[in-house]
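Here are a few exercises to help you find your way around. Have a go at each task before you read its solution.

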Amino acid sequence: METVTHTHTADAHRDDTASKIGMWLFIFTEILLFGGLFIVYSVYRYMNPVAFHLAHEELSITMGFINTIILLVSSATVAISISAMQKNDRKMTMLMLAATLILAAVFLVNKYFEWGGKFEHGLYPGSDLMKSLSNGDMLFFSLYFFMTGLHGVHIIIGMVLLAITLAKVRSGRVNGGSYALLENSGLYWHLVDLIWIFLFPLFYLIH
Amino acid sequence: MENEKHHIVPYMTHIMVLLGLILLTVITVLITSVELGAYNTAAAMLIASLKGAVVLLYFMHLKFDHKIYWVMVSLVIAIFAAVIVVTFFDYLYR
Amino acid sequence: MTDNIETRHEPNYLEYRGKHGGILGWLTTTDHKRIGLLYFYSMMTFFLAGVVMGLLMKYELISPGEQIMGPQTYNGLFTLHGLTMIFLFVIPGVAAVFGNFFLPILIGAKDVSFPRLNLMSWYLYIIGAIVVLISQFMGDGPPDTGWTFYAPYSLKTNTNVVAAVTGAFILGFSSILTGLNFIVTMHRLRAPGMGWLRMPLFGWALYGTGWIQLLATPVVGITFLMVIAERVLGIGFFDPAIGGDPILYQHLFWIYSHPAVYIMILPAMGAITEIIPTFARKTIFGYTAIVISSMAIAFVGYFVWGHHMFTSGMSSTSRWVFSLLTFLVAIPSAIKVFNWTATLYKGSINIQTPFLWSIAFIFVFMIGGFSGLVVGSLATDIHVHDTAFVVAHFHYIVFGGTGFAFFGALHYWYPKMFARVYNFKIANIGLLIFFIGFNLLYFPMFYLGMLGMPRRYYDYLPMFHSANTLSTIGSWIMAAGLLVIIINLARARRGKGKEVDDPWDGKTLEWQIASPPPVENFEQIPVVEHGPYEY
C-alpha cells in the first residue's frame, strides 16, 4: 500500500510500451499530414499530366537518386544502432548514430544545392519566373517546394531528436536497459525515410 | 499487453535489407526510363510501396513487435487509401 | 505526512500543495483532474464570449435592415462566433473537460499515460486561442471568411486570415495530443481485470474520438499551412487563376471538419451513456452494440465529408456516393438512441437533473439527426443548401447535442468534482427555460430556411420578419436559462450547496472513491471483476 504524500507521483513511473504506442500514433498523424499533400499532388497530376511530365524534367534524377540512397543508408544505420544498444554495445550505437547524423547533413547539403540551382534560375516561391509559369508548371513547382521543404523540416526535427539521443547515450542515460528514446527517435527517422521513398518517384521519376 | 520482450535483429539482416532497398531503387529508376505507358506510374508506385513495406516491417520492427502495431498501421494505411479513392470519385467522373 | 494518515484525511486534488502553491500550482499541474478544470474554466470563458456574439447576431436579425451593425461587422462576427464555438468550445468540449477529469478514474488509473504532454496540450490550446483572438485586432481587421476559410476568397480577402488560420493549426495540435494521450492511456492503464469490453462506454467514445483526432486533424493542418504558404509565399495551390482547384480545398477542409463533428458528438454520446444507466438503475442495453456503433461512427464518419459539397460542382458520381455513405452513418447513431431508450424500458427511473438533461439531449439530438437526413439527401439539399435550415440543423446537433451533453455531464459529475450539490429545483427550472429558449431560437430557422432565407447575411427580406423576431426572443430566453444554470452551479461551488459524496449511487469506478477525488485517485488500484453497469 502506498503512503499518502503531497506530491503527484503518477507521472513518475516508466512505461516504455506507452511511449512507443504514443510515438506510433504520432507517426500516424505525420503520415496523414503528408497524406493531405499526396492527395493534392495526385489530383493536380491527374488534371495536368502533360505539364507535370514536362516540369519534372527540370529536376535532376541523379540528385534525387543520391539523396534516396543516403536516406536509405541512414535508415539502416539507425536500425543497426538500436540492435547495438540491445546488445549493450554502446560504442557501436554511438558510431551508428553519428553516421546517421552525418548522412542527414549530407542530404541537407545536397538539397541546398538542388534548391540553390533552382533559385539561381529565378525559380523560387514568389519569384517573377514562378508567377509567369503556366498553370500546371506552377502547381508542380508549388508542390515540389512545399513538399520537399516540409520534408526538409522533418529531417531537421529528426536530426535534433537523434542528436539528443546521441548525447544521452553518451552520458549513459539511454542504455541497454532503457532505450525507449533511441527506439522512438529511430521510428521517427524511418518515417522521414518512408516519406522520401514516395516523394522520390512522384517528383523525379514521372514518365 | 505487457512490456514486450525485445527481439534483437542481427546487423546482417539490416545490411541485407538495405541492399534490397537499394536494388529496388535502381530498378525503379531503370523502369522509368523505358516506355511502358500508364504502367510506368503503376510500377513506380508499386515499387515505392514495396520499399515502404520493407522499411515498416524490418527497420521499424513491425515484423518482430506485438501485432497490435501491425494492425494499427494497416488500418491507417487502408483508411488513407480509401480517402484517396473516395476523393477520386469526384475527379474521375467530373 | 504522518499527520494526514492519523486523521485518515487524504488531500484531495483541490487542496494539495505540490512544489508551487496558489495559481502557479494550477498552471504547472500535471494532475489530470486539475487540467480538466483548467480546460473547464477557459472553455466556459470562450463559450460565454461566443454566446454574447450569438446574441448580438440574433439582435441584428430582429427585424429587416441594419440594427446595430453593418455587413462587414456581421461577417467578422459570425466568423469569430464560429471559430470560438467550434475550435475553442465544442471540439475540445466534453473530451477535454470530462475526458481529462474522469477517463483515468473510470478505468482505474492514477493519471493519463503522459501527464506532462497533457498539460502541454492545454497550453497549446491557450496559445491557439490567443492567436485566434489576436487575428481580430491585428493587421487588416478580423477575418470575414466564415470559420471554413474557403478558397479562393480566403486567399484574396485583405483581412487577417493568416493569424486566424495559424491559431486553428495550433489548436489542432492540442487536439491531436489529447487524443493520442487518451488512446495510449486506454491501451496501457486499464485496471487489472478491466478487459476492453469491461471499459465504461465513455471510455470507448473517447477511444473512437481519439482516432479521429489523430487521423483527421493533420489533414486540415496541412491545408491551413498551404493557405498560409499561398498567401505569404505566393505559391499556388487553390487559386483557380493559376490552375488550382478550389473544390479540392473544400475536400481537404471537410476531410477534417466533418469527422470533427464526430469529435464533438462522440464524447457527448459517451457522457449520456454514462448518465442513463445510473438513473434508470439498470445496466445499459446492448453494451457491445454501443461499442460497435461508436467505432462505426468514427469509421464511416471519416468518409462522408462530401455531403457539405453537394452544390459545389463536384461530380454527380461522388454526390450519390457521399449521400449513400451519409445515410449509412445515420444507422449507428440511431442504434445509440435505440439503446438509450431501451435502457429506460422497465428501469426504475430516478428523475433527477442530469437525467432530464439526457432526455432533453435525446430530443434535440433526434431533431438534429432527422433534419440531417434532409440535408444529406441530394434533392432536398439543393433546396436548403446555405439557408437558415442548415444553421438550424447544425445548431441542433452541435449545440443541442454537444452543448446539452456538456451541461448534462456537468450536472452529473459536479458533486464528484466539487463534493457539493447544487439546488436541484433551480437547476431543473434553468433547464426548462433553456430548453424552451433553445427550441424557440432554432426551430423557426428550419421554417425560414425552407422559405429560402440564406445564411450569413446581416439583413433579410420583410417576408422573414415574424419568424426571425420569434427566434431572437428565443435567444433571450435561452440566455436567461443559461444564466440561471450557471448562477446555480456557481453558488454551489461557493459553498452554498450541501456536501455529499455520491448523490446518485452510481456504479462506475468514479463513485467508489471520495469526493472530491484524492490526488492519486485510488489508494490501491482497484481490481475489476464485472462490467461497468451492474445494477
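**Exercise 1.** Find where Asn521(C) sits along its chain, then work out what its backbone does and whether it is buried or exposed.

*Solution.* Start with the place: Asn521(C) is in the segment after β2 of chain C. Strands here are DSSP runs (E, at least two residues) and helices are too (H or I, at least four), numbered from the N terminus. A quick note on what you're looking at: this is a predicted model, where local features need pLDDT of at least 70, side-chain atom pairs count only at pLDDT 80 or more, and totals for chains, interfaces and linings use all residues. Residues are numbered from 1 along each chain as its sequence is written, while chains are lettered from A and ligands numbered from 1 in the order in which they are written.

Next, the backbone: Asn521(C) isn't a glycine, yet its phi is positive, about 65°. Most residues other than glycine have a negative phi.

Last, count neighbours. Asn521(C) is buried because 23 other C-beta atoms lie within 10 Å (buried takes 20 or more within 10 Å, exposed 12 or fewer, partly exposed in between, with C-beta atoms placed from the backbone).

**Exercise 2.** Do the same for His61(B): which loop holds it, and what is its phi?

*Solution.* Look between α2 (39-59) and α3 (67-92) of chain B: that loop holds His61(B). Its phi is positive, about 65°, although His61(B) is not a glycine. His61(B) counts as buried, since 21 other C-beta atoms are within 10 Å.

**Exercise 3.** Track down the cis peptide bonds before Pro152(C) and Pro516(C).

*Solution.* Ala151(C) and Pro152(C) are joined by a cis bond with omega of about 0°. Pro152(C) belongs to the loop between α6 (115-137) and α7 (153-156) of chain C. Then take Ser515(C) and Pro516(C), whose cis bond has an omega of about -15°. Pro516(C) is in the segment after β2 (498-499) of chain C.

**Exercise 4.** Describe how α10 (residues 246-280) and α13 (residues 353-376) of chain C pack.

*Solution.* Begin with the geometry: the angle is about 125° and the axes are 9 Å apart (axes are lines fitted to C-alpha atoms over the stretch in contact, and angles run from 0 to 180 degrees between N-to-C directions). So α10(C) and α13(C) are oblique to each other (under 35 degrees is roughly parallel, over 145 roughly antiparallel, 65 to 115 roughly perpendicular, the rest oblique).
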